[in-house]
Amino acid sequence: MPTIAQALNEVAKRLANHDSARLDAEVLLGHVLGRSRAHLYTWPEQALTDDEAERFDVLISRRAAGEPVAHLTGHREFWDLELRVTPDTLIPRPETELLVEAALDRIPTDADWNLADLGTGSGAIALALAGERPKCSLVAVEKSAPALAVARTNAVRAGLANVRWLAGSWFEPLGTARFQVIVSNPPYVREGDPHLIEGDVRFEPHSALTSGSDGLDAVRQLVFGAPPYLEAAGWLLMEHGFDQGDAVRRLFHDAGYVNIFTKRDLGELERISGGQRAAV
């Protein structure tokens, strides 16, 4: 049977068409062994059992065919959480942590505010905020019943009870509630975008990715629909495509928001925008 080092070296060749071939192989082998990546480096001469080698081979074959690593392991790290993910949810991505940061910058540490996360998916954003601002009360809205079930599971696993999970589309389930901060990572990919047939997104829910011919249908709905649900001087913050910053800022302006801003990711791409309801 191969050692850890031999197994990793061999399968990295099979994943040569993936930018993160070595990392993917290490994560998948660690998953099979129930060990951290540090263990793989510490014990490279450890031999795999027949069962471990077979399970690893199956996972590598599925990854080579394009299945996301998060779907193969069933979880993804986000913020300080380990979240369960399934094909019913988007896979939480590092750039979405910028949305959490932007919200935390505007929520005092000891605030007991009302916050909302619209289109919560796996619950990643809501749970990150719930953990960092435990005195706040959060409402997380999701129209997909399977995705909402995943989010509720993640809340239980994280031991966070200050989130209410509501089924529905965007503002529908909110009633007359008002919030100091509303966050969202809405679908923002253009219909027919060639990236939809490449990489991990092929295995993610189409409805959570695309939004009209310019990708901004959901963004428009959120920007123009949020003011009645925001307290005076409340914030709407959202993620968007790297090339949509100008268009999103114009939407905020046209809807009457003030203090409009955009936050760039580590690659200097515009990724998060927001605006504040004018105090009246």
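User: Why does Ser184 count as buried?

Analyst: Happy to walk through it. This is a predicted model, and in it Ser184 has 0% relative accessibility. Buried means under 20%, so Ser184 counts as buried.

User: What makes the link between the side chain of Ser184 and Leu118 a polar contact?

Analyst: The side chain of Ser184 reaches the backbone oxygen of Leu118 at 2.8 Å. A polar contact asks for N or O atoms within 3.5 Å, one able to donate a hydrogen and the other to accept it. Ser184, which is found in strand S6, also touches residues including Leu99, Trp170 and Met238.

User: And why is Arg84 called partly exposed?

Analyst: Its relative accessibility is 33%. Buried is under 20% and exposed is over 50%, with partly exposed in between, so Arg84 counts as partly exposed. Arg84 lies in strand S2, and its contacts beyond four places in sequence include Gly74, His75 and Arg157.

User: How do you know that the buried residues of H10 line one face of the helix?

Analyst: The residues in question are Gly245, Val248, Leu251 and Phe252. Seen down the axis of H10, they fall within an arc of 125 degrees, so they line one face. On the other side, Arg250, His253 and Asp254 are exposed.

User: What covers the buried residues of H10?

Analyst: The cover includes helix H9 along with strands S7, S8 and S9. After H10 comes Gly256, with a positive phi near 90 degrees.

Conventions:
Residues numbered from 1 in each chain as written. Predicted model: local features only at pLDDT ≥ 70, side-chain atom pairs only at ≥ 80, totals over all residues. Heavy atoms only, no water. Helix = DSSP H or I, 4+ residues; strand = E, 2+ residues; numbered from the N terminus. Buried < 20%, exposed > 50% of the residue type's maximum accessible area, 1.4 Å probe, protein only. Contact = heavy atoms within 4.5 Å. Arc of directions from axis to C-beta.
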